[in-house]
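Grab a coffee and work through these exercises with the structure open beside you. Try each task before you read its solution.

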Amino acid sequence: MFQMQTSICIMLLLSSGAISAGLEKVLPLTELIADIYHQFERGCIFLMTSRVQQQGFEAKILMQKIRKHLLYEYIPIMDTVFRTGVSRRCSTQRSIYVVLKGDAETRNYIHQSFLKTHSSRAIWLLFLDKNSSLEEFFTDINIPFDCEFLVAQPEDDHAVGLTEVYRVSPTLPLQTYRFGNWTPARSPTWPSTNFLLRRSNLQGCVIRATYKHEYLVVNIVNNSDGSEVAEGYFGQMWTTMAEEINAITVYHETESYGSKSANGSWSGMIALVKNREADIGIGDFTATSERSNVVDFIDTVEFSSTRVFIRIPNSADMSWNLYLAPFSYGLWLAVAIACCALSVCLAVTNISYDGQKRNPTLSVVAIFFYILGCLCQQGQRDAVNNTAGRIVTLTSYVMSLVIFAGYSASLISSLAVQPRALPFRDLQGLLSDGSYRLGVQENSAVLNIFDGAVEGVENEVYKKLIAPFTNDIPRDDSEGFKKVCTLHKYAYAGSYFVSQQYKGATLCQMTTLPGTSYPEPLTYIISKKSPYKYLINWKLAQLREKGIQSRIRQHYITSKASYVNRSATTVNLAAVAPILVVFVAGNLIAIFLLVIERQIHGNLFKCWPVGNSRRPENNECRKRYSNRLLSLSHKNVYRPPLYRNIHRSIRKHKCK
């Protein structure tokens, strides 16, 4: 019975043409399929046969044997007939298509599969005869660059050779790679390099690229040999990747990035890539869900955000609370209470045990100004001559040192930074203000944020601030930033990443509205289901890991930002106006009080100097001066020469 089953299996293998006569049992065939399944760790296997192949009794027995052995190893397998245009996929992972016979019908099915459907997501395993030629079998068949297609052919010593086949492009020759060897007795040998490393060379394949000229983003220059090279941040990144993968780029310039119109059509670079007139779009494209329906995106090159820019307003308003803002109201109250408490303490320590003042010159008012002078770090004319008073004075100076240091640091920083008061902070404020225009780049993703909004503040902003001025819409970001500086009350919605490239080159200082930030991942676009997408993503990750991307960014962005004015901040007159007002007001108040005192005590100030001596103008003045000088002449005190001259003048001259 066993010999009969073995004979039937050998006859089935020979009739199917799946492998050579060296494989004498079904078990080696299933073991090879199982090893391929475990190598790729995929979800399920589809055993592909034609209707003619399934009609024979031997073919049915072979299919059942293969399914039985694979299911015994818990490998899900399904048999199906050749039908092009039908998607056969596992629920979560890539499928494995196994084709046991490489005849004309199989060749026609594979050719039609790669023409009409996207079959490169699946892993293909084709069994060919030993004497079959790969070049002849795949003459008119385009195996995509990103497809894992293995061909198993029997060799000597019961071994099976596995060859990987693909084409870089439909017009280039078939590429082959020795994937490994499989034998029933030994463990199979698999390649030591990963899939993308094996296919990192595009063999000089021509890639059609479209771009929009922006000096710091993409700028195409001609070499001496006539070839074109892309410069700029995103252009240099693509040039580096194209050299790494050995691809030749042909550039085509367009006028815009592309946006979706009201009738559903696309424009600019997106339209070219969507219609496959270009393979890739080079630029700082914003990845959006609407664009992803027609094109694919490379992994994010740069993370940024869309913001609304306005010119920094030149506010001449004086900040009266600028000099009170460093401290809170509670802290100012605590300082006032501490000043009063220290004044009381100093007054108490100034009284001796017998109730007399230790320093008669320190009155209640003088003590208050004494403590106030200590808090202002000013020296005092009258010194405290007791230990308790000196401790109070020391406490005042230490407290003033801490308070003065904190106050000075906060005040100086606020004067240096010079915060600006924005007229509004978000789109709602921009809409409510009504005096500003909002500009966006034509045919861009930023424009779709507003014209694609069905409701909300974005829709209102588009109707009132953008739509009435579509004839004067900026063509690029540089024109938009220029309008912010040249036009009165003009706002521009653009990329914050692009604004950093123009930083220092603009005609004015701009700022962003805090409440207008939209996430903006920037990257390239590529045609749908492009076979080169995964290779480009892999090279981009390598440039990031090696630091090449950081070096390119520093060259095109950081160096351009060095034009920013780094001079010291100038404090204008408006910032110190409160100090000048207090100074002038203090002097005016002092003069006013002096005039009032002279009016109240005018009889005490009627003797004015005449020549080199003071001359009384009436009898009351003469008597007061005479009595004062006579009292001084009878005292044993030192009299300055001025007093002696006045005394002699009074004796010599008579008052008129």
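A residue is called buried when its relative accessible area is under 20%, exposed when that is over 50%, and partly exposed in between (1.4 Å probe, protein chains only). Helices (H or I, at least four residues) and strands (E, at least two) are DSSP runs, numbered from the N terminus. You're looking at a predicted model, where local features need pLDDT of at least 70 and side-chain atom pairs count only at pLDDT 80 or more, while totals for chains, interfaces and linings use all residues. Numbering starts from 1 along each chain as its sequence is written, and side-chain values use heavy atoms, with hydrogens and water left out.

**Exercise 1. Get an overview of the chain.**

Step 1: count the elements, and you get 22 helices and 20 strands.
Step 2: check burial; of the 656 residues, 42% count as buried.
Step 3: look at contacts, meaning heavy atoms within 4.5 Å. Among those between residues at least 6 apart in sequence, 70% join residues at least 24 apart.

**Exercise 2. Is helix 8 largely enclosed or not? Work it out.**

Step 1: find the helix at residues 233-245, which makes 13 residues.
Step 2: check its span. The expected value is 1.5 Å times one less than the number of residues; helix 8 reaches 19 Å from first C-alpha to last, close to the expected 18 Å.
Step 3: list the buried residues, among them Tyr233, Phe234, Trp238 and Ile245.
Step 4: conclude. Ten of the 13 residues are buried, so the rest of the structure largely encloses helix 8.
Step 5: zoom in on Thr239, which sits in this helix and is buried at 9% relative accessibility. Beyond neighbours within four places in sequence, Thr239 touches Val229, Ala230 and Tyr251.

**Exercise 3. Describe helix 11 and the patch on it.**

Step 1: measure the span with the same kind of check: helix 11 has twelve residues and reaches 17 Å, close to the expected 16 Å.
Step 2: pick out its buried residues, including Ile367, Tyr370 and Cys374.
Step 3: turn to the surface. Patches take residues with over 30% relative accessible area and no salt bridge, joining like charges within 9 Å and nonpolar side chains (Val, Leu, Ile, Met, Phe, Trp, Tyr) within 5 Å. A salt bridge here is a side-chain nitrogen of Lys or Arg within 4 Å of a carboxyl oxygen of Asp or Glu.
Step 4: name the nonpolar patch: Val364, Val365, Phe368, Phe369 and Leu372, together about 480 Å² of accessible area. Areas come from the Shrake-Rupley method with a 1.4 Å probe; for residues, only the protein chains shown count as cover.
Step 5: check one member. Val365 lies in helix 11 (residues 364-375) and is exposed at 53%.

**Exercise 4. Why does Cys374 have no disulfide partner?**

Step 1: use the cut-off, a pair of cysteine sulfur atoms within 2.5 Å.
Step 2: find the closest cysteine sulfur to that of Cys374; Cys339 has it, 9.3 Å away, too far for a bond.
Step 3: repeat for Cys340, whose closest cysteine sulfur, also in Cys339, is 5.7 Å off, again too far.
Step 4: search the whole structure, which gives zero disulfides.

**Exercise 5. Where do Gln203 and Lys489 sit?**

Step 1: recall that most residues other than glycine have a negative phi.
Step 2: take Gln203, with a positive phi of about 60°, in the loop between helix 7 (195-198) and strand 8 (205-212).
Step 3: take Lys489, with phi near 55°, in the loop between helix 16 (477-486) and strand 16 (490-495).
Step 4: check exposure. Gln203 is partly exposed at 40%, and Lys489 is partly exposed at 34%.
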